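Dear colleague,

Please find the structure below, handed over for your records. A summary of what was found in it follows.

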Amino acid sequence: MTGPHTTNRDWNSADAAAYQRFVCAARVFWSNDLFAALRRQVQRNEDDPGSQAFEARVEAHPTHRMFAWLERHLQRMRYSGPFGLVEGVNRDRDTLLAALSQPLPEGMLRLDPDLSPPGYYGEYDIHQHPGGLRGDPLAGVVYRDAVGSGVVGKPALHQRFAQLVTRRRAPARILDLGCGFGRSAWAFAAAAPSARVVGIDLSASCLTVAAHETPAALRERVTFAQADAVASGLPAASFDLVTSTMLLHEMPESVVRELIAETGRLVADGGIVAHLDFLPPRDPLLRILFEGHARRNNEPFLLQHSRIDVADAHARAGFSTLETLDFAEEDDALDPGLPRWRLPWNVIVATKNVDGGTRR
Amino acid sequence: MPARDPDPPRPEQTFFDDPVLDRLMGATIALAAEVYMLRSRLRAVERTLAGEGREPPAIDEEAERRDAMAFVEHILGPTLGEQQSRGPL
């Protein structure tokens, strides 16, 4: 695709805003109206001898095909093409780069130009973001803009999670793994007003956005560093809380296993690990849609962490009292008859044994 | 011999029995987006004319969102595959 096909900058900007408004409205129609129609039309009945027959019937249903097509292509339109978010950021490239080059408080952002990202990180353009979060110094801005609408973009999601976790224990030292452009780290800093928060991520671009956009009131307590969550080199037992938001499902199963073991090393005795992520829904239709979402949204690892016996893996890493909880990102999210499609949010939370013991 | 592209484009996913339908859907939705953009431009011009050539009043974001939803419901309503009046199956 080439750039916008008009030359007037004001019209370009207005056209792009209108285009994105169209895409967002279509996504609302897709997640509400089309989902509700699909549910009505494929109600499971006694003619289905088993789950495989139900799945085959759903997959072949015309409304499901429309649902799948729109999910795939509305996401493509959001990012790609002359009015997509990537091109929108390109139009303001010089201004944005200048803003992200402004000086930061000493120690607030530590980038590692020698960091070699793991192989799985570059294999797919996750979320259909062309080029992903690698390379382009403005990729983090694109990502921030992309999640700025919809449930994933609502700050309440992060606040709710941070409050749920910090109610269990008031941490003084927090590590946020895969912190992206900072929202989860900021939410934990706000929920634990005396805590120091370190956010780490592989993406230099996201970390740069995070550091520059940290609210002034949090700047003395939040820092960001470029590092791999499974090999950060941070000191053992140096955090009361290690957390992640939407990280596990972006890693292959073997890496999630490494991550659980690493959190056992990083969390101090009596401390907590808490992950906010997705687990496959029990409802057969929702499960089919969730599994399809993995492919349609370029998230090939989405289902892999759900294959892990997380209780056993955490016990081996020195944790006890593991819980998995359904998580409501909005007040009505867990209503059984919710009339819209949603991601199946879950919280995995575990406490480290006080004596530091592990079961191996 | 020219160097081989190390990562050529991957074929797009398909959802219909005939992949041509997938591609035509893409063109149809792209056209719908173009119509919506033209409609937004036209409204901006109308607002300017209504103000006798002066700057148009500020955009009402909520009204724009409502308009986008109504437009999309019109365009995508047929994808639901449900009769709007009760007729024979």
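**Findings**

Helix α9 (residues 204–213) of chain A lies across β1, β3 (196–201) and β4 (222–226) of chain A, and runs at about 165° to β4(A). Please note that this is a predicted model.

The strands that α9(A) crosses belong to an open sheet of eight strands in chain A, with the order β1-β4-β3-β2-β5-β6-β8-β7 and mixed pairing. At its edges stand β1 (109–110) and β7 (319–326) of chain A; each has a single partner strand, so one side of each is left without a neighbour in the sheet. Elsewhere in the sheet, strand β5 (residues 239–245) of chain A runs parallel to strand β6 (residues 267–278) of chain A, and six bridges join the two. Within this pair, Thr245(A) stands opposite Leu276(A) of β6(A).

Chain A is divided into domain 1 (9–91) and domain 2 (146–352). Taken over C-alpha atoms, the centres of these two domains of chain A are separated by 26 Å. Their contact takes 20 residues from domain 1 of chain A and 13 residues from domain 2 of chain A. On the domain 1 side, α1, α2 and α3 of chain A each supply at least two residues, and the largest share, seven residues, comes from α1(A). The domain 1 residues that touch domain 2 of chain A divide into nine nonpolar, four polar and seven charged.

Helix α11 (residues 284–296) of chain A may also be of interest to you. Its 13 residues, at 1.5 Å a residue, should span 18 Å, and this agrees with its end C-alpha atoms, which are 18 Å apart. Buried residues in α11(A) are Ile288(A), Leu289(A), Phe290(A), His293(A) and Arg296(A). The elements that cover them include α2 (51–60) and α3 (62–79) of chain A. Just after α11(A), Asn298(A) takes a positive phi of about 55°.

Finally, I turn to the contact between the chains. Chain A contributes 24 residues to this contact and chain B contributes 23 residues. On the side of chain A that touches chain B, α1 (9–41), α3 and α11 of chain A each supply at least two residues. Of these elements, α1(A) gives the most, with 13 residues. The residues on this side of chain A divide into 15 nonpolar, two polar and seven charged. Helix α1(A) thus appears in both contacts: it gives the most to the side of chain A that touches chain B, and the largest share of the domain 1 side that touches domain 2 of chain A.

Yours sincerely

Notes. Residues are numbered from 1 along each chain as its sequence is written. Chains are lettered from A and ligands numbered from 1 in the order in which they are written. This is a predicted model: local features need pLDDT of at least 70, side-chain atom pairs count only at pLDDT 80 or more; totals for chains, interfaces and linings use all residues. Two strands pair if DSSP finds at least two bridges between them. Helices (H or I, at least four residues) and strands (E, at least two) are DSSP runs, numbered from the N terminus. Two residues are in contact if their C-beta atoms, placed from the backbone, lie within 7 Å. Axes are lines fitted to C-alpha atoms, for helices over the stretch in contact, and angles run from 0 to 180 degrees between N-to-C directions. The expected span of a helix is 1.5 Å times one less than its number of residues. A residue is buried if 20 or more other C-beta atoms lie within 10 Å of its own, exposed if 12 or fewer, and partly exposed in between; C-beta atoms are placed from the backbone. Ala, Val, Leu, Ile, Met, Phe, Trp, Tyr, Cys and Pro count as nonpolar, Asp, Glu, Lys and Arg as charged, and the others, Gly among them, as polar. Domain bounds come from an automatic or database domain assignment.
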